[in-house]
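Work through the exercises below with the sequence and the model in view. Try each task before reading its solution.

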Amino acid sequence: IATGQTALNFKFSSSGKDEMAQEFFEEKQVVPTSTDEAGTTHTAKYVTKVISPNVIRNGEIVKCVADYGNALGKSMIEITVTTYYDCASVPIKSFNPADSTATVETTDNGDGTLTQTITCPADTDTARFKVVASENSAKSIVCSKETGKYEPSHLARCQESNPHYGGGGAQIMSLAGYDTKPCSESETGEWSPAKVMEKLLSTTDTKCGFRHHVKCLKDNQCTMNNEKSSCNYD
């Protein structure tokens, strides 16, 4: 808006150019200059759409010039317009698989930034979950309106742990030089297959038994499968 007795021309420009910088602004509407009934107030309207953030350049100086002609000269005003990245349109990256049941909560911080927070699934009888962060990931990441990027770049992974349901092993012992043949079908009494297995599967025998040698048995983290356990003599 400008005031004066004579008609005038308005011109809008930015970045020190003769027109609006097309890499940052898209012209949407130019309304011809209008003058009030008194003929002294002149109004021009120029509508643009921001098409690219300019915050990296510390904004764009937009200049409005009212040209009153050679006799009266020009009147000018400048304002700095700073546009930022839209964090709502920035993709969220995660180290979790696409079929992960982890949930992601978005928090609008009210200043143009967004915080994304991942929550792992609840533990079940067959699976436990925990957040595993790294140099490039965290439980919560924040998008900056100045850069249009999240820091760190990825949401952390939800690591799933499952119980170990079974295992097996065997131990071969040389009994050369001994008359006794433990577990042999020819043995009776203390060294018969049944008696030897009773010792091996015992949870109270102070000398014999798998429980003295298998770590998870020693730590009470597993149990023996008696039906699949056996011994033999060759």
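**Exercise 1: Cysteines and their bonds**

C231 is partly exposed, because its relative accessible area is 21% and this class lies between buried (under 20%) and exposed (over 50%), found with a 1.4 Å probe on protein chains only. The model is predicted: local features need pLDDT of at least 70 and side-chain atom pairs pLDDT 80 or more, while totals for chains, interfaces and linings use all residues. Residues are numbered from 1 along each chain as its sequence is written, and side-chain values use heavy atoms, with hydrogens and water left out.

Task: Find which cysteine is joined to C231, and state how the bond is twisted.

Solution.
Step 1. A disulfide is taken as a pair of cysteine sulfur atoms within 2.5 Å. C183 and C231 meet this cut-off, with 1.7 Å from S to S.
Step 2. The torsion about their S-S bond is about -95°, so this disulfide is left-handed.
Step 3. C183 sits in the loop between β15 and α1, and C231 in the segment after α2, 48 residues apart. Helices (H or I, at least four residues) and strands (E, at least two) are DSSP runs, numbered from the N terminus.
Step 4. C183 counts as buried because its relative accessibility is 6%.

Task: Explain why C208 has no bond to C183.

Solution.
Step 1. C183 holds the cysteine sulfur closest to that of C208, and the distance is 11 Å, so it is too far for a bond.
Step 2. C208 is partly exposed because its relative accessibility is 31%.

**Exercise 2: Two links and a core**

Task: State how many disulfides the whole structure has, and describe the links of C87 and C120.

Solution.
Step 1. The search of the whole structure gives 4 disulfides.
Step 2. C87 is bonded to C143, with 2.2 Å between the sulfur atoms. C87 lies in the loop between β6 and β7 and C143 in strand β12, so the bond ties together parts 56 residues apart in sequence.
Step 3. C120 is bonded to C158, at 2.1 Å from S to S. C120 lies in the loop between β9 and β10 and C158 in strand β15, so this pair ties together parts 38 residues apart in sequence.
Step 4. C87 and C143 are buried, and C120 and C158 are buried too.

Task: Find which nonpolar core holds these four cysteines.

Solution.
Step 1. A nonpolar core is a set of buried Ala, Val, Leu, Ile, Met, Phe, Trp, Tyr and Cys residues joined through side-chain atoms within 4.5 Å.
Step 2. The largest core has 12 residues, among them C87, C120, C143 and C158.
Step 3. Strands β9 and β12 each give two or more residues to this core.
Step 4. A second, separate core has 7 residues, including C64. C64 is buried because its relative accessible area is 17%.

**Exercise 3: The largest pocket**

Task: Describe the space and lining of the largest pocket.

Solution.
Step 1. On a 1 Å grid over the protein atoms alone, a pocket is an open set of points where a 1.4 Å probe fits, with protein on both sides within 12 Å along at least five of seven lines; lining residues have an atom within 4 Å of a point.
Step 2. The largest pocket holds about 1700 Å³ of space.
Step 3. Its lining has 40 residues, and G169, A170, Q171, F210 and S230 are the closest to its centre.
Step 4. Helix α1 gives the largest share of this lining, 3 residues.

Note on methods. Points joined across faces, edges and corners; volume = space filled by probe spheres on them. Nonpolar A, V, L, I, M, F, W, Y, C, P; charged D, E, K, R; others polar.
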